[in-house]
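Here are my notes from a pass through the coordinates. Have the viewer open as you read.

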Amino acid sequence: MTSMARRIPSQIFRSSLKTLNRAHIGSLYHNPRTFSTSLPRLANRAIVYTSTGNPSEVLSARTYPSLGPPPQGHVNVRLLCAPVNPSDVNVIEGVYPVRPSLESLVGSTESVFVGGNEGLGVVQRVGNGVDGLKEGDWVVFAKAQSGTWASERCVNGSDVVRIPDMEGGGRIGEVQGATLTVNPPTAYNMLKEFVDLKAGDWVLQNGANSAVGQAVIQIAAHRGLRTINFVRDRDNMDELRIQLHGLGADQIFTYESLHSKDTISHIKSLTSSAGGIRLLLNCVSGSTTTSLARLLGANATIVSYGAMSKQPLSLPTSLFIFKNLSCKGYWQQRWYMERGRTEREELMRELVGLIGLRKLREPEHEIVRIGGGLSDGEATQLVQGVMDRIEKGHYGKKILFKFDTVDS
Ligand SMILES: NC(=O)c1ccc[n+]([C@@H]2O[C@H](COP(=O)([O-])OP(=O)(O)OC[C@H]3O[C@@H](n4cnc5c(N)ncnc54)[C@H](OP(=O)(O)O)[C@@H]3O)[C@@H](O)[C@H]2O)c1
């Protein structure tokens, strides 16, 4: 890792790395219920790195020959777009508990890591022995760290999952497809698996404008749950309020308002008639989350899924003793590793159903096009510039890469 990389801490899981048992994670990865572990191969233009470090320094764009016919059991997939998620940054920094494999891409003797975990692909060619996929199908990647920041990939047919059409026909949007496997399922499952919530109950969350937070607001609203949403203050706070209310947010506050006794008593009076708040979804950790925990009612659960403040989570012991507080963690990757393909497909159908009902919109986003006319040097500069902006924070939108194929 470069010295710069050492100065820039990870956005999530750095502290959890100390406690996570890597051997356990490795064994989960080889769980026979998970998907094939065969490596994706080949790419046309790809965003790669050869050693971990600061993404704005170690990433580069490389052009490779176009794909040949897929071998037995494989499909060629053209990437339509692929997001940059906070965990992608952590993977490149080398501080995430799951690492991609080094790959030898066609036409090159150098082994590289290809960036990107999720993305939307369209099947271009189907090799012999692949069932259930045909040319033109839209697919997502079932295998973690598939290296989606590329224009094309050749992957094992069992490492992709076809996206179902919406009820009545028609496809979901490109951005919805490219961001379907990480954030919406995380929001959906956190609202479903920890507390038995019924319509009218309150859910408290921080990082409410994150892509996960936006999905939480919408899925909660669809279920008749009410949300109290905390975000960082910003110049365009009114704009953000309008956006989040538009998604179905009930209450929106900045962390600064936790210093106001009026806000605290307002929240407590809002929620007490419904038996108090029983679920806090924690994207941020740090001292503001400690303050949010004090707003919870009896027998509540805190579900932590991110640590964007890069601070630990500290909780008063009294909340455990006198309010019977429970604290859990959630990792969508673990859910995928522990469940079978059928459950994964059911969850995806559920989410596509919500999209079809217009109950789940794409996250606020910006598409960065890696044009086919750019040289690798120019494409590298573009990608490094994006990563630099993300590292500086307060980006406010999900970035997605969209690659043109490069003639080679
Ligand atoms: N455990 C899981 O399975 C799982 C699944 C999905 C995501 N995640 C995690 O969930 C988090 C959000 O992911 P995402 O894709 O939704 O991210 P995103 O759309 O990029 O949003 C990032 C959010 O973090 C906030 N943030 C950034 N730095 C912060 C800081 N220092 N203090 C407080 N808030 C800060 C941002 O607020 P501003 O707008 O104010 O910058 C924004 O709300 C990440 O940590 C990600 O790794 C975990």
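The points below start with the whole chain and then turn to single residues and pairs.

1. First, a reminder that this is a predicted model. For the overall picture, the protein has 15 helices and 17 strands. Of its 408 residues, 55% count as buried. The contacts reach far along the chain: among those between residues at least 6 apart in sequence, 75% join residues at least 24 apart.

2. On the outside, the protein exposes about 17,400 Å². Carbon and sulfur atoms supply 49% of that area. If you are setting up electrostatics, have a look at the negative surface patch formed by Asp-238, Glu-239, Glu-362 and Glu-364. Asp-238 belongs to helix H9, which covers residues 237–247. With a relative accessible area of 58%, Asp-238 is over the 50% cut-off, so it counts as exposed.

3. Now for backbone angles. Most residues other than glycine have a negative phi. Gln-145 has a positive one, near 55°. You'll find Gln-145 in the loop between strand E7 (138–141) and strand E8 (152–156). Despite the loop position, Gln-145 counts as buried because its relative accessibility is 11%, under the 20% limit. Leaving aside residues up to four places away in sequence, Gln-145 touches Val-91, Val-98, Arg-99, Pro-100, Gly-116 and Asn-117.

4. Arg-358 also has a positive phi, near 60°. Its place is in the loop between helix H14 (341–356) and strand E16 (365–370). Is Arg-358 buried or exposed? Arg-358 is exposed, because its relative accessible area is 72%, over the 50% cut-off. So the two residues with positive phi sit in loops, but Gln-145 is buried whereas Arg-358 is exposed.

5. Tyr-305 is worth a click too. It lies in the loop between strand E14 (296–304) and helix H12 (317–323). At 10% relative accessibility, Tyr-305 counts as buried. Which residue, 25 places away along the chain, has its C-alpha atom 5.2 Å from that of Tyr-305? That would be Tyr-330.

6. On to charge pairs: the count comes to 14 salt bridges. One of them joins Asp-201 and Lys-198, with the closest N and O atoms 3.4 Å apart. The two ends have opposite settings: Asp-201 counts as buried, at 4% relative accessibility, while Lys-198 counts as exposed, at 54%. You may want to check the protonation state of that aspartate by your own usual route.

7. Two more pairs involve arginine and glutamate. Arg-339 and Glu-343 meet through their side chains in a salt bridge, at 2.9 Å from N to O. Arg-339 is partly exposed at 22% relative accessibility, and Glu-343 is partly exposed as well, at 31%.

8. The other pair is Glu-345 with Arg-341, where the closest N and O atoms are 3.2 Å apart. Both residues lie in helix H14, four residues apart, which is about one turn of the helix. Glu-345 counts as partly exposed, at 28% relative accessibility, and Arg-341 is partly exposed too, at 27%. Elsewhere, salt bridges that share partners join Lys-134, Asp-137 and Arg-162 into one network.

Terms used: Residues are numbered from 1 along each chain as its sequence is written. This is a predicted model: local features need pLDDT of at least 70, side-chain atom pairs count only at pLDDT 80 or more; totals for chains, interfaces and linings use all residues. Side-chain values use heavy atoms; hydrogens and water are left out. Buried means under 20% relative accessible area, exposed over 50%, partly exposed in between (1.4 Å probe, protein chains only). Contact means heavy atoms within 4.5 Å. Accessible areas come from the Shrake-Rupley method with a 1.4 Å probe; for residues, only the protein chains shown count as cover. Patches are made of residues with over 30% relative accessible area and no salt bridge: like charges are joined within 9 Å, nonpolar side chains (Val, Leu, Ile, Met, Phe, Trp, Tyr) within 5 Å. A salt bridge is a side-chain nitrogen of Lys or Arg within 4 Å of a carboxyl oxygen of Asp or Glu. Lys and Arg count as positive and Asp and Glu as negative; His and the chain ends are not counted. The place of a charge is taken as NZ of Lys, CZ of Arg, CG of Asp or CD of Glu.
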